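The following exercises concern one protein model. Please examine the sequence and the structure before working through each solution.

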Amino acid sequence: MYFDTHAHYDSRAFDHDRDELLASLPEHGVELALNPGCDWDSSCRAVEYAHRFGHVYAAVGFHPSDIERLDEEMLGRLRTLAQDERVRAIGEIGLDYYWESYASHDWQKEGLRRQMALAEELGLPVIFHDREAHADAMEIVRAFPAVRGVFHCYSGGVEQARELVDRGWMISFTGALTFPNARRAPEVAAALPRESVMIETDAPYQLPYPRTAEDKRRRRNSSLRVWQVAARLAEIWGVSLEEAAAITTENGRRFFRIP
């Protein structure tokens, strides 16, 4: 059984079959899934899905793409939503310096600090997005030593990953681990203690390899493909698929405090 620790089922890519797909996950071996929000509306939808499907949990937060909307009033609303019984983390939060259309770096950092402080206040972990912002991301992580989190879709190097693990953080891998040209991610996966690793799809993005003709037609990832991430991780670790699935599922349960 698998735990997809990061999938965006609020995406319009699932509008035509969302309920059917979410309901079917356990029969396809996906024991648990967690849906993080990226703004107010998607955070509310994540909580809604978590209440409707017992194997789905939620995280709530503002992604760097929407951080300009996180004013004091919205932060208060987020604080209330984060205390819902189905919410297990603040996220997806972080920094993204790749897209020039996003808010300024200073604005992103201020919004991130606010959400890290909220996580510390509520005793929740964070789901962290870091794209081409490694130095600033680590500076803010170090500024909140009481906060634990997971760097999702990890793209940094081994040294940064080891520092995060030493601080009690987790590292999560997507289908990018399976890409034919992947070099850094497999190296990091091999270097980390197994109890610090989780897997995810980042659905509907990061579709793993190999891809079928149907995949190319739909151009959509889902939790049904998380097993491919586990399979690649099993190869790197030199263990069976079942063992990799069991290790990463237990890691996810422990991190998100799911019985």
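In which loop is Q206 found?

Q206 is found in the loop between β8 and α8. The structure is a predicted model, in which local features need pLDDT of at least 70 and side-chain atom pairs count only at pLDDT 80 or more, while totals for chains, interfaces and linings use all residues. Residues are numbered from 1 along each chain as its sequence is written, and side-chain values use heavy atoms, with hydrogens and water left out.

**Exercise 1. Describe the backbone and the burial of Q206 and D202.**

Step 1. Settle the terms. Helices (H or I, at least four residues) and strands (E, at least two) are DSSP runs, numbered from the N terminus. Buried means under 20% relative accessible area, exposed over 50%, and partly exposed in between, with a 1.4 Å probe and protein chains only.

Step 2. Consider Q206. Its phi is near 55°, a positive value in a residue other than glycine. With a relative accessibility of 25%, Q206 counts as partly exposed.

Step 3. Turn to D202, which is found in the loop between β8 and α8. D202 is not a glycine, yet its phi is positive, at about 55°. Its relative accessibility is 8%, so D202 counts as buried.

**Exercise 2. Locate two cis peptide bonds.**

Step 1. One cis peptide bond joins Y209 and P210, with omega about -5°. P210 belongs to the loop between β8 and α8.

Step 2. Another cis peptide bond joins G91 and E92, where omega is about 15°. E92 is part of strand β4.

**Exercise 3. Determine the strand order of the sheet and follow the chain from β6 to β8.**

Step 1. Define pairing: two strands pair if DSSP finds at least two bridges between them. The open sheet has eight strands in the order β1-β2-β3-β4-β5-β6-β7-β8, with parallel pairing.

Step 2. Find the edges. β1 (2-4) and β8 each have a single partner strand, so one side of each is left without a neighbour in the sheet. From one strand to the next, the twist averages 25°.

Step 3. Trace the first crossover. Strand β6 (residues 149-151) runs parallel to β7 and is joined to it by two bridges; V150 stands opposite M170 in β7. The chain passes from β6 through helix α6 (residues 158-166) to β7 in a right-handed β-α-β crossover. A crossover is right-handed if, with the strands pointing away from the viewer, the path from the first strand over the helix to the second runs clockwise.

Step 4. Trace the next connection. Three bridges join β7 to the parallel strand β8 (residues 197-199), and V197 in β8 is the bridge partner of I171. From β7 the chain reaches β8 through helix α7 (residues 184-191), and this β-α-β crossover is right-handed.

Step 5. Inspect the faces of β7. In a regular strand the side chains alternate between the two faces of the sheet. Strand β7 (residues 170-173) is covered on both faces, with M170 and S172 buried on one side and I171 and F173 buried on the other.

**Exercise 4. Analyse the contact between α9 and α10.**

Step 1. Establish the geometry. Axes are lines fitted to C-alpha atoms, for helices over the stretch in contact, and angles run from 0 to 180 degrees between N-to-C directions. The axes of helix α9 (residues 226-237) and helix α10 (residues 241-256) come within 8 Å and cross at roughly 110°.

Step 2. Classify the angle. Angles under 35 degrees count as roughly parallel, over 145 as roughly antiparallel, 65 to 115 as roughly perpendicular and the rest as oblique. α9 and α10 are therefore roughly perpendicular to each other.

Step 3. List the residues in contact, meaning heavy atoms within 4.5 Å. α9 contributes W227, A230, A231, L233, A234 and W237, and α10 contributes L241, A244, I247 and T248.

Step 4. Sort these residues. Ala, Val, Leu, Ile, Met, Phe, Trp, Tyr, Cys and Pro count as nonpolar, Asp, Glu, Lys and Arg as charged, and the others, Gly among them, as polar. The contact of α9 with α10 comprises nine nonpolar residues, one polar and no charged.

**Exercise 5. Characterise the surroundings of V226.**

Step 1. V226 lies in helix α9. At 1% relative accessibility, V226 counts as buried.

Step 2. Leaving aside residues up to four places away in sequence, V226 touches Y2, F3, D4, V30, I199, E200 and T201.
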